[in-house]
Amino acid sequence: MADFVLDLRGLAEHAHTRAYYTLRELRTGQVFEVLLDQEPKLLMDAVSLQLRHAIHWQVHENGPPLWRLSVQRREDVAPVNLVDLLERDHLRIDRLFASALHKVNAGDLEGAAPDFRAYVDGLRRHVEVENDLIVPLLELPRSANGQDPTSIMLREHDEILEQTTMLEHEFSEGVDEAWAVAPFFALISGALAKHEGREEQNLFPHWSRALNERPDEAAELLQRAQARLATTGPTEPGA
Ligand SMILES: [Fe+2]
Ligand SMILES: [Fe+2]
């Protein structure tokens with residue numbers, strides 16, 4: 001039973017606006033049913049992009065004349081593939097880092113430390129999966145000048161890990177004043193956001209294509225990556 005039925009039939013070009021404003025309100029644990037009189041892919045892809053991929057949709061009735069979909073929050077469904085898993089992990093790492101940063105800016109160094117440690121652990125696992133599990137298996141072409149997406153990713157990983165290790169060192173020394181670590185936080189915050197964006201735009205489409213051609217290996221890789229990314233510590237900040 002759906003929590004809400006969104007009937008977009010007969011709305012023509014207004015269907016998009018209605019879909020966006022309604023699906024924006026979708027909460028964890030809820031299922032919305034969407035009824036359409038047109039092919040849903042273009043519309044749902046556009047809305048999903050606007051909502052930063054926070055929703056997952058599935059077709060249950062494939063028209064014409066009627067298309068019936070169910071829509072849930074992405075965190076309510078299991079990752080559908082490796083790229084989906086990694087994109088979710090980007091969001092998780094970002095949230096942990098943002099929470100630590102927020103507390104540092106508020107002068108709460110003690111409160112920031114657990115979030116920061118969870119971020120460090122999550123980042124190291126994530127980089128390990130990308131560098132050691134995926135890169136050797138997919139063997140994408142590399143250019144001699146190092147400007148291909150894989151080489152750029154590996155370089156940026158080194159930089160972010162190095163900056164993170166410096167900050168980790170500061171924390172382990174015992175920080176007295178927030179201003180002493182704030183510049184490191186700013187540095188990493190910028191580098192991390194740019195890196196994840198570049199990966200998602202320039203590298204993940206290549207990974208998706210390569211994995212689609214090797215479904216058996218892709219399924220095994222997804223399992224191994226999931227096991228590697230699963231944490232034993234806190235997964236959500238501010239708990
Ligand atoms: Fe990465
Ligand atoms: Fe990544």
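Author: A residue is called buried when its relative accessible area is under 20% and exposed when it is over 50%, with partly exposed in between. The structure discussed here is a predicted model.

Reader: What makes β4 count as mostly covered?

Author: Six of the seven residues of β4 are buried, which means that each of those six falls under the 20% cut-off. The strand runs over residues 67–73, and it belongs to an open sheet of four strands, in the order β1-β2-β4-β3, with mixed pairing.

Reader: Why do β1 and β3 stand at the edges?

Author: Both β1 (4–7) and β3 (55–61) have a single partner strand, so one side of each is left without a neighbour in the sheet. Neighbouring strands of this sheet are, on average and with direction ignored, turned by 25° against each other.

Reader: How do you know that β3 and β4 pair?

Author: Two strands pair if there are at least two bridges between them, and β3 and β4 are joined in the antiparallel sense over six bridges, so the requirement is met. Among the bridge partners are W57 with V71 of β4 and H56 with Q72 of β4. β3 and β4 also form a hairpin, with five residues between them.

Reader: What makes β2 and β4 a pair as well?

Author: β2 and β4 share five bridges in the antiparallel sense, which again satisfies the minimum of two. One of the links is that of F32, whose bridge partner in β4 is V71; V71 is also the bridge partner of W57.

Reader: Which strands does helix α1 touch where it packs on the sheet?

Author: Helix α1 (residues 15–23) touches β1, β2 (32–36), β3 and β4, and its direction makes about 165° with that of β1. Helix α2 (residues 41–50) packs on the sheet too, touching β2, β3 and β4, with a direction at about 165° to that of β3. The buried residues of α1 are A15, A19, Y20, T22 and L23, and they pack against β1, β2, α2, β3 and β4.

Reader: What are the bounds of domain 1 and domain 2 in the domain assignment?

Author: The assignment gives domain 1 as 4–76 and domain 2 as 82–229, and the C-alpha centres of domain 1 and domain 2 lie 31 Å apart.

Reader: What makes H90, H126, E130 and E199 donors of the iron ion (ligand 2)?

Author: A donor atom has to be an N, O or S atom within 2.8 Å of the metal. The atoms in question are NE2 of H90, NE2 of H126 and an OE of both E130 and E199, lying 2.0 to 2.2 Å from the iron ion (ligand 2), so they qualify on element and distance. Along the chain these donors follow the spacing H-x35-H-x3-E-x68-E. The pair H90 and H126 links distant parts of the chain, with H90 in helix α3 (residues 82–105) and H126 in helix α4 (residues 109–138), 36 residues apart.

Reader: Why is the site of the iron ion (ligand 2) called irregular?

Author: A tetrahedral site of four donors needs all angles between 85 and 135 degrees, whereas a square planar one needs opposite donors over 155 degrees apart and all others between 65 and 115. The angles here are 86 to 177° among the four donor atoms, so the upper value rules out the tetrahedral label. The site is classed as irregular, which means that the square planar conditions are not met either.

Reader: What coordinates the iron ion (ligand 1)?

Author: The iron ion (ligand 1) is coordinated by E130 (OE), H157 (NE2), H195 (NE2) and E199 (OE), at 1.9 to 2.2 Å, with the sequence spacing E-x26-H-x37-H-x3-E. The site of the iron ion (ligand 1) is irregular, with angles of 81 to 169°. E130 bridges the iron ion (ligand 1) and the iron ion (ligand 2), which lie 3.0 Å apart. A further link between distant parts of the chain joins H157 in helix α5 (residues 149–173) and H195 in helix α6 (residues 182–212), 38 residues apart.

Reader: Why does H126 count as buried?

Author: The relative accessibility of H126 is 3%, which is under the 20% cut-off, so the term applies. H90 at 2%, H157 at 2% and H195 at 4% are buried by that rule too. Beyond four places in sequence, H126 touches L86, D89, H90, I93, E199 and L229, and the C-alpha atoms of H126 and L86, 40 residues apart along the chain, are separated by 7.8 Å.

Methods. Residues are numbered from 1 along each chain as its sequence is written. Chains are lettered from A and ligands numbered from 1 in the order in which they are written. This is a predicted model: local features need pLDDT of at least 70, side-chain atom pairs count only at pLDDT 80 or more; totals for chains, interfaces and linings use all residues. Side-chain values use heavy atoms; hydrogens and water are left out. Helices (H or I, at least four residues) and strands (E, at least two) are DSSP runs, numbered from the N terminus. Axes are lines fitted to C-alpha atoms, for helices over the stretch in contact, and angles run from 0 to 180 degrees between N-to-C directions. Contact means heavy atoms within 4.5 Å. Donors are N, O and S atoms within 2.8 Å of the metal (3.2 Å for Na, K and Ca); water is not among the atoms, so sites may look incomplete. Four donors count as tetrahedral if all angles lie between 85 and 135 degrees; four count as square planar and six as octahedral if opposite donors are over 155 degrees apart and all others between 65 and 115; anything else is irregular. Buried means under 20% relative accessible area, exposed over 50%, partly exposed in between (1.4 Å probe, protein chains only). Domain bounds come from an automatic or database domain assignment.
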